[in-house]
Amino acid sequence: MKVYKIACIPGDGIGQEVVPAGEEVLRVLAEVQGSFKFDFETFMWGGDWYRKHGEMMPADGLSHLRDKDAILFGSAGDPHIPDHITLWGLRLKICQGFDQYANVRPTRILPGIDAPLKRCKVEDLDWVIVRENSEGEYAGVGGRVHQGHPIEIATDVSVLTRVGVERVIRYAFKLAQSRPKKHLTVVTKSNAQRHAMVMWDEIALQVSKEFPDVKWDKELVDAMTARMVNRPATLDTVVATNLHGDILTDLAAALAGSLGIAPTGNIDPERRYPSMFEPIHGSAFDIMGKGLANPIGTFWSCVMMLEHLGEAKAAAVLMKAIEKVTANKALHTGDLGGTAMTKDVTRAVCEMIKTK
Ligand code: ATP
């Protein structure tokens, strides 16, 4: 029987509630499917680890993850530790260390969810946004000079490399090709950023020639926000730089009804390293420890993980179970206007898997 080695990193805040819920659901799914098992190993890295050890994860942390088939991540963020430390010290260390250069975020309005776009039919919003995840505006290049003095200067330099752009745009074209609409929108800002973004556009045109069956268009990032709201059905697969993708995917999550639902995968398409799956929400300290967190974003991330592992049938079973549960308003958590607890939603998804 195939055994998948999964590293679980709950991290901070509600990550510590939703990741164990994800494990529970995956365990039940494996039992019901009968053809594979999971071997989970949990790493308690994050804010508490930082308070004890002065770092978000051990210096040799990646070596504990390297032999895993995938990573299930919760969230990193702590009200008492600066955000750039929690982000760079854990999540980005893993994303960059394992060159997970494609951040993939599917967005749909799940059954039963009251999404804010009242003119949008459920089937109008079915997107996958691919965010460049290894360079660009978040390359980490820059510095501060004359700190604290009136002449202080600070820079964050956006770095786009031909290899980095080409690989993520090719990944997005391939993904678009695999979807029924076969349509890709390349998000740009080459009107104002006349060097790197112009190269980005040139590479998109060049790579598009390898995919004659994929229709594609270009959209300026500012116009893109309006198009997502006003003409959602004109979009299918989208590719954007790190910063643009970061913002657009949060907008996408909000348009789909709640931050608590949206999943993401940090993918190494070449499979040299484990890929990492996580809900897009943060640590939500306002509700932590109360059992109120919506685990659906984590469950949907588990669906993405199963697809990545090649377990398409199990992924479909879990997605169906999730949709059955969201369709029942009595099982909505607070973020969706309901009163259900994390454990109620988890139990319901497990039951649904068992009665498939
Ligand atoms: P961080 O600083 O780690 O990014 P945050 O708490 O500032 O996290 P989010 O966690 O992304 O930001 O979400 C903002 C708010 O949305 C939370 O404070 C919480 O009230 C709500 N929220 C987010 N995720 C969930 C969830 N899974 N279930 C219920 N509510 C959620």
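A polar contact here is a pair of N or O atoms within 3.5 Å. Keep that cut-off in mind as you explore this predicted model.

**Stop 1: the ligand's polar contacts**

Start by selecting the ligand together with histidine 281. A nitrogen atom of the ligand lies 3.4 Å from an N or O atom in the side chain of this histidine, so the pair falls within the 3.5 Å cut-off. Now add glycine 282 to your selection and look at its backbone: one of its polar backbone atoms is 2.8 Å from an oxygen atom of the ligand. Move on to alanine 284, where a polar backbone atom is 3.1 Å from a ligand oxygen. With the ligand still selected, consider its surface: on its own the ligand exposes 610 Å², and the protein buries 65% of that.

**Stop 2: the shell around the ligand**

Next, show the residues surrounding the ligand. There are 14 of them, and those that come nearest are Gly282, Ser283, Ala284, Asp286 and Asn294. What classes of residue make up the shell around the ligand? Colour them by class and you will find 6 nonpolar, 6 polar and 2 charged residues.

**Stop 3: helices H1, H9 and H11**

Leave the ligand now and turn to the helices. Two packed helices are described by the angle between their axes and the distance between the axes.

Select helix H1, residues 15–33, and helix H9, residues 296–309. Their axes come within 9 Å and cross at roughly 50°, which means H1 and H9 are oblique to each other. Their crossing is right-handed.

Keep H1 on display and swap H9 for helix H11, residues 342–354. The axes of H1 and H11 also come within 9 Å, crossing at roughly 15°. H1 and H11 are therefore roughly parallel, and H1 passes H11 in a right-handed crossing.

**Stop 4: helices H7 and H8**

For the last stop, select helix H7 (residues 221–230) and helix H8 (residues 242–255). How far apart are their axes? The axes of H7 and H8 are 11 Å apart, and the two helices pack at an angle of about 10°. That angle is why H7 counts as roughly parallel to H8. The crossing of H7 and H8 is right-handed.

Methods
Residues are numbered from 1 along each chain as its sequence is written. This is a predicted model: local features need pLDDT of at least 70, side-chain atom pairs count only at pLDDT 80 or more; totals for chains, interfaces and linings use all residues. Side-chain values use heavy atoms; hydrogens and water are left out. A residue is near a molecule or strand if one of its heavy atoms lies within 4 Å of it. A polar contact is a pair of N or O atoms within 3.5 Å; within protein, one must be able to donate a hydrogen and the other to accept it, and residues adjacent in sequence count only if both atoms are side-chain atoms. Accessible areas come from the Shrake-Rupley method with a 1.4 Å probe; for residues, only the protein chains shown count as cover. Ala, Val, Leu, Ile, Met, Phe, Trp, Tyr, Cys and Pro count as nonpolar, Asp, Glu, Lys and Arg as charged, and the others, Gly among them, as polar. Axes are lines fitted to C-alpha atoms, for helices over the stretch in contact, and angles run from 0 to 180 degrees between N-to-C directions. Helices (H or I, at least four residues) and strands (E, at least two) are DSSP runs, numbered from the N terminus. Angles under 35 degrees count as roughly parallel, over 145 as roughly antiparallel, 65 to 115 as roughly perpendicular and the rest as oblique. A crossing is left-handed if the near helix is turned anticlockwise from the far one by less than a right angle, and right-handed if clockwise.
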